[in-house]
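Reader: Could you walk me through this protein? I'm new to reading structures.

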Amino acid sequence: MPEADLRSRHGIELPIVRLRHWGRWVSAVIILAALAGLGVLLAQAKIEYNSVPAFLWYRVMAVGLLNTVLLAVISQAVAIVIGIVVALMRRSANPVARVVAAVYVWLFRGLPVLLQILLWFNLALVFEFISIPLPFGGYLVHEPTNVLVSAFVAALLGLALNESAYMAEIVRAGLNSVDRGQTEAAKSIGMTPAATLRRVVLPQAMRVIIPPTGNDFINMLKGTSMASVIGVTELIHAANNISSNNLLVMETLLAAAIWYMVVVTVASIGQHYLERAFGAADRAGVAPGPWSRVGRALRAMPLRRA
């Protein structure tokens, strides 16, 4: 600050008083004290921390980790495919398709995931066999329901169908975020609706779709723990199997928690780079991709309205 600004009109020097942020210091001390107290409590807890690293590499824990990742990846992939179809049905001009898609989202989003898993797991109580008849006699598939709908399949169906309802809304929101004038411009140059969706709308909608999809996948990784209720050997079930033999419940649960944090961290890093790849064209100094150039060219075209 110039010296002239430090003097009043009467020539009296005004002292510079630094602003003291007492609230920051007080809140920092409270947070550090709380963390220190938590550390003391954990240190005094009756937990054999030395046993936790060994539990990480038990065979049953490795099987649980593999099943957790497989169940989450397959469920999310199935949910994305179904979600895209349902989202397109909700945007369809066919009123029947719109109503069916709306009811689908209402039903599978409204029921708890655990309830859906239990319904699929107990499907054999209602249908003893699952059959697909052939038009000229015989069956393409005729197997007991317990054989086809195993515990893993029941968990997969419950997780995937519930997530597909959320994915349908995420995809629909992403498609609606693209300006309508771009689809009109694409039609004006002779692009088919499928080509417009594939080459103009989806590349731009992905910037809206990717972040919530990544968050949902992280929730899916943690949501697989509900499969332990029906006997699927995922991380929680594996930890319970180990603790049933050595009675070290907290130690085995801590080992499962460490693996959960590892897979969630890896998924978060992947989500970050995926968002970075789709959002590269929006950052300064980064060359736009081919689909972004198509979108910019279409936006620059004048539109004639009837």
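Author: Let's begin with a term: accessible areas come from the Shrake-Rupley method with a 1.4 Å probe, and for residues only the protein chains shown count as cover. This is a predicted model, where local features need pLDDT of at least 70 and side-chain atom pairs count only at pLDDT 80 or more, while totals for chains, interfaces and linings use all residues. Residues are numbered from 1 along each chain as its sequence is written, and side-chain values use heavy atoms, with hydrogens and water left out.

Reader: What share of the exposed area do carbon and sulfur atoms supply?

Author: The protein exposes about 19,500 Å². Of that area, carbon and sulfur supply 67%.

Reader: Is Glu169 buried or exposed?

Author: Glu169 sits in helix α7, residues 151-176 (helices are DSSP runs of H or I, at least four residues, numbered from the N terminus). Buried means under 20% relative accessible area, exposed over 50%, and partly exposed in between, with a 1.4 Å probe and protein chains only. Glu169 has 16% relative accessibility, so Glu169 counts as buried.

Reader: Which residues does Glu169 touch, not counting those up to four places away in sequence?

Author: Touching is a contact, meaning heavy atoms within 4.5 Å. With residues up to four places away in sequence left out, the partners of Glu169 are Arg90, Val105 and Arg109.

Reader: Which element gives the largest share of the largest nonpolar core?

Author: A nonpolar core is a set of buried Ala, Val, Leu, Ile, Met, Phe, Trp, Tyr and Cys residues joined through side-chain atoms within 4.5 Å. In the largest one, of 34 residues, Met61, Ile230 and Leu235 touch the most other members. Its largest share, seven residues, comes from α11.

Key. Helices (H or I, at least four residues) and strands (E, at least two) are DSSP runs, numbered from the N terminus.
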